[in-house]
Amino acid sequence: TSEEVANGVVATILHNAQYGDIWGQNVGTDPHPVLTGKITNVTENLKLSKVTFHTYDGDTTTYATQYVVGYGLDFPTPERTGYRFDGWYAKADYSGNPLTRISDKETDDVDVYAKWLKFLDAKDGCYQIANADDLFVFAVMVDESDADVSCAKLTKDIVVNENVLNDDESLNEKAGPFREWTPIMKFKGTFDGQGHSISGLYYNNSKKEHIGFFGKLSLVSRDGKTVIENLGIKDSYFNGSNDVGSFVGNVSAHVTLRNVYNEGSVNGGTFIGGLVGYEISELTMINVYNTGKVSGRQCTGGLQGGSYGTGNTTIINSYTSRGALFGYVKNKTDSSLTKIHSYARNASDPGEEAISSEQIANGELAKLLHNYSDNGVDGSVWGQRIGRDPHPVFSGTIDTAETTVLSPAFKSVAKVRVQ
């Protein structure tokens, strides 16, 4: 208020903030804070409490040491070479939720601890991702650093959040708050899940577009295309406005999805797809599936929400148990849109083969996918344990009451775990 500007309150707050020691005021003479570095004649009964920022050994940055009780304090964003800052925490073990400021209601001395995520080191030119922190650092390195991050591999199954979805695939708000994912926007190259999965990705902002594990794939890699392969997304929740997909929100470059699946929930307005939201370029999907919920206002598809333009779009030996393969297709010719040996629970367009829920559960679909071998595609990655797996998965083995069908598993998905 104007009164607080005149009586020294604002000057005291500014003076005790980071780099604020240049501020001062001679109350009664100076009508507002000035750059004298000294505060005098304050008649207000202001209490100062101590604040300590624990960052890292060797940090020479100047931080605030006090805050004005009743007014709180916004926390700074520290920097550290080779690391990404991941929030302030009240405990040294970083338990609890991250903090952004001292509350106006706080009165005691406060200690906060900076959490750091170390940038990944490449092994044989490829970045190894072993846990959730690695995944978040990888995203920052792609979008915010100058590093060449064109190759990445998962070395373990990753859990970002637990129990994100209810049994009906709605958001489990009681389990939150969740660690929020920031969609990757600038990746180009190869991301190989090596048969692992990512569970618990969470993004919920109905005003934002281009949402997914990758928000947008639009850059051209060295060999001309980006490949996402051998990866599953489970127990995850994505909600945006337009162009929302579990793997990619928007594709405007040459992209291949191979041996990937979604068992999460994808929601939004227009162009909402189980795997891909919207594509306006070149997209190939081989051995992929979606069993997750897909919900949107319009243009929703089990695998892809929308496909536009004359670029080649190809789907081979894949299926969705939710909806049709596509939600919207425009300006595609017979030669630029190819659907080969692919199945949909609600097949609605030429080239899509209808499949019933019974065929999905009883192994019939798994056998069809498993036995496919054409167009350079090896279908032996598919499998199913009848009575245990509710749908075909990437196990390479079909177990039925009558017989067991075995085929050599595709080597890059040999580690896929059947759920």
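**Helix H3, its surrounding strands and the Glu 279 site**

Helix H3 is mostly covered, with 11 of its 13 residues buried. The structure described here is a predicted model. H3 spans residues 132-144, and the distance from its first C-alpha to its last is 18 Å, close to the 18 Å expected at 1.5 Å a residue. The buried positions of H3 are Ala 132, Asp 134, Leu 135, Phe 136, Val 137, Phe 138, Ala 139, Val 140, Met 141, Val 142 and Asp 143. Two aspartates, Asp 134 and Asp 143, are thus among the buried residues of the helix. At the N-terminal end, H3 is capped by Asn 131, which has a side-chain oxygen 3.2 Å from the backbone nitrogen of Asp 133.

The packing partners of H3 are strands. Its buried residues pack against strand E6 (83-89), strand E8 (110-118) and strand E10 (126-129), and also against strand E11 (151-154), strand E12 (158-159) and strand E13 (190-199).

Two of these partners, E6 and E8, belong to an open sheet of 4 strands with mixed pairing, in which the order is E4-E3-E8-E6. Strand E4 (66-68) and E6 lie at the edges; each has a single partner strand, so one side of each is left without a neighbour in the sheet. From one strand to the next, the twist averages 30°. Within the sheet, strand E3 (residues 48-54) runs parallel to E8, and 4 bridges join the two. In this pairing, His 54 has Tyr 113 of E8 as its bridge partner. H3 packs on the sheet through contacts with E6 and E8, and the direction of the helix makes about 75° with that of E8.

Strands E10 and E11, which also receive the buried residues of H3, pair with each other in the parallel sense over 3 bridges. Across this pairing, Ile 129 has Leu 154 in E11 as its bridge partner. E10 has a further partner in strand E9 (residues 122-123), to which it is joined by 2 bridges in an antiparallel arrangement. Ala 122 stands opposite Tyr 127 of E10. E9 and E10 form a hairpin with 2 residues between them, and Asp 124 in the turn has a positive phi of about 55°. E10 is therefore joined by bridges to E9 in the antiparallel sense and to E11 in the parallel sense, where two strands count as paired if at least two bridges are found between them.

The E10 and E11 region also holds a disulfide. The count for the model comes to 1 disulfide, formed by Cys 126 and Cys 151 with their sulfur atoms 2.0 Å apart. The pair links distant parts of the chain: Cys 126 lies in strand E10 and Cys 151 in strand E11, 25 residues apart. The torsion about the S-S bond of Cys 126 and Cys 151 is about -80°, so the disulfide is left-handed. The two cysteines differ in exposure class: Cys 126 counts as buried because its relative accessibility is 4%, whereas Cys 151, at 21%, counts as partly exposed. Another cysteine, Cys 299, has a relative accessibility of 18% and therefore counts as buried.

A second open sheet has 5 strands with parallel pairing, in the order E15-E18-E21-E25-E28. Its edge strands are strand E15 (214-217) and strand E28 (326-330), each pairing on one side only. Neighbouring strands in this sheet are turned against each other by 10° on average, direction ignored. E21 and strand E25 (residues 304-308) run parallel and are joined by 3 bridges. Tyr 278 stands opposite Gly 306 in E25.

Glu 279 is located in strand E21, which covers residues 276-279. With a relative accessibility of 0%, Glu 279 counts as buried because the cut-off for this class is under 20%. The side chain of Glu 279 makes polar contacts with two side chains, that of Gln 304 at 2.9 Å and that of Ser 307 at 2.5 Å. Beyond four places in sequence, Glu 279 touches Val 251, Gln 304, Gly 306, Ser 307, Tyr 308, Thr 313 and Lys 332. Gly 306, one of the residues touched by Glu 279, is also the residue of E25 that stands opposite Tyr 278.

Terms used
Residues are numbered from 1 along each chain as its sequence is written. This is a predicted model: local features need pLDDT of at least 70, side-chain atom pairs count only at pLDDT 80 or more; totals for chains, interfaces and linings use all residues. Side-chain values use heavy atoms; hydrogens and water are left out. Buried means under 20% relative accessible area, exposed over 50%, partly exposed in between (1.4 Å probe, protein chains only). A polar contact is a pair of N or O atoms within 3.5 Å; within protein, one must be able to donate a hydrogen and the other to accept it, and residues adjacent in sequence count only if both atoms are side-chain atoms. Contact means heavy atoms within 4.5 Å. The expected span of a helix is 1.5 Å times one less than its number of residues. Axes are lines fitted to C-alpha atoms, for helices over the stretch in contact, and angles run from 0 to 180 degrees between N-to-C directions. A disulfide is a pair of cysteine sulfur atoms within 2.5 Å.
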